[in-house]
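The following exercises concern one protein chain. Please examine the sequence and the model before reading the solutions.

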Amino acid sequence: MRLVVIGAGIAGLSAAIEAARGGIKEIVVIDAESRAGGKIHTLHRDGKIFEAGPDAFLRRNPVGLALVESLGLTGNLTAPSASSALLYASGQLHPMPRELAMGVPTDPIAPLKTTSVPILSRLRASVGISIGLKGDPSTDSLGYLCQRRLGRRFSELVVDPLIGGINAGSVFGSSMELVAPQLGSALTAPPIGPTKLLRRSVGNQKIRMAPTVPVFGSLSGGLSELVEAMVAELCALGVQFKFQTAALSMEKFGERIRLHLGSNDGVESELDSDMVVVAVPSGPASGLLAGLSKVASGRLGQIRYSSVALTVLGFRGVRNPLPAGISGVLSPARERTLTTAVSIASSKWPSWAEPDELLLRVSAGRMADQRFQNLDDEDLSELISKEASRIVGLPTVCDPTFTKVIRWHDALPQFRPHHSALIASARSILADETGSKVAIAGAYMYGSGIPASISSGIRAIGDLKPN
Ligand SMILES: Cc1cc2nc3c(=O)[nH]c(=O)nc-3n(C[C@H](O)[C@H](O)[C@H](O)COP(=O)(O)OP(=O)(O)OC[C@H]3O[C@@H](n4cnc5c(N)ncnc54)[C@H](O)[C@@H]3O)c2cc1C
């Protein structure tokens, strides 16, 4: 019984681990790149690390921590040293009140403290919460739910940069269920009377005083340490890896699935398998499924992605102008900056930087703004360096002593309302049309982030039915 996993990102590796630990003996993992990890890619410079893609995973979703534990890496867990964001508005930096949950205020007082928003819009948000204005979570986008409760301006200036920043999209076209399910209760809570408000404020004080468990986690060697540990376990279990090998197409071949492969040096080959997990982004997955199920392929073809660029800038001998607890600054779409967020990497992850170095990781690109694509690396880094310096408030524009631009094409899937139904239908049609011999996994399925990708790999193995 042979299982082929196409894609050695975290979703494909999770599928392979699930299958190998479950006793499947012959597993082949193929990837078009020369390394495993996909978007997870820890880079090195002068003995220090920095991340080219994700820098942490959400600990609240237990699958990430469970994987770390099962690989014996719990002792290497790390957490960001800074976690408070600022908002950039009209050339000024504003704090994000602590009472906001992912940018959404939970009581009528919090919007009034949100100084990045004009006063009338703050009042509108406060009234919306007090009288319990709400949309319909079963049909409305996350943005519309926010707009109904908090008003358009508050949603654009506070919620959108925070939540939209997670997948470089806009809350206005996103599904609440997949992008920020934890906001459901905050956006649909009933009106708040004066007694409840008083009780809530006292409750909030208590919450603020309680010791906090880190929300995000990483590993001391960077997230690639997780990938390396997975590959090591898979190799020990006899799993075979084929790198620099792309899956080109698939078709039914008797009772089996035939894969057509192409190596980077142009050699084409075939590989027959009893079961296949397709763990690549939905665009290439749609192409690969076309020979097996036109309908499932068409479903995946509907999913859109945003491209992004990260520019890492090191400034030696430059003091961080922001307090140490500040992890970054968010720039709302209304500001029209190329920069969507500046992460103060040297505060968030002090081990990445030299003691006298200010290290910034600057994001550019969101779904409705791909201007960065028109600039080459040199022009992009120059522009971003000037803009980020202005945003964080460096006194003069300093020249960076280290610069690295990382471009991620079609990197972040967009979860529109009804996305779950689209995925459920693709899975069930694929199961029907291939006799559950082919399953799909990947970041585009169950929501943003690494834990959701891990879950997708585990669930894909559950979707397969060996003969
Ligand atoms: C800039 C950036 C920052 C992010 N930050 C965070 C964060 O802080 N926290 C978080 O939780 N998530 C973050 N994410 C999201 C997270 O990185 C992804 O959700 C996750 O890594 C996706 O894993 P995956 O296995 O689904 O896909 P991928 O990592 O894209 O892996 C797919 C693999 O398939 C291979 N492949 C593609 N086509 C073929 C083919 N035809 N044949 C063979 N192989 C193929 C690719 O080479 C790749 O290795 C970030 C993403 C980006 C881009």
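**Exercise 1: two backbone positions**

A168 is found in the loop between α5 (152-164) and α6 (176-179), where helices (H or I, at least four residues) and strands (E, at least two) are DSSP runs numbered from the N terminus. The model is predicted: local features need pLDDT of at least 70, side-chain atom pairs count only at pLDDT 80 or more, and totals for chains, interfaces and linings use all residues. Residues are numbered from 1 along each chain as its sequence is written, and side-chain values use heavy atoms, with hydrogens and water left out.

Task: Is A168 buried or exposed?

Solution. Step 1: buried means under 20% relative accessible area, exposed over 50%, and partly exposed in between (1.4 Å probe, protein chains only). Step 2: A168 has a relative accessible area of 6% and is therefore buried. Step 3: although A168 is not a glycine, its phi is positive, at about 50 degrees.

Task: Where is S436 placed?

Solution. Step 1: S436 lies in the loop between α14 (419-434) and β22 (438-440). Step 2: its phi is positive, about 55 degrees, although S436 is not a glycine. Step 3: with a relative accessible area of 7%, S436 is buried.

**Exercise 2: the whole chain**

Task: How many helices and strands does the protein chain have?

Solution. Step 1: the secondary structure comes to 15 helices and 22 strands. Step 2: of the 467 residues, 53% count as buried. Step 3: the C-alpha atoms fill a box of roughly 70 × 50 × 45 Å, taken along the principal axes.
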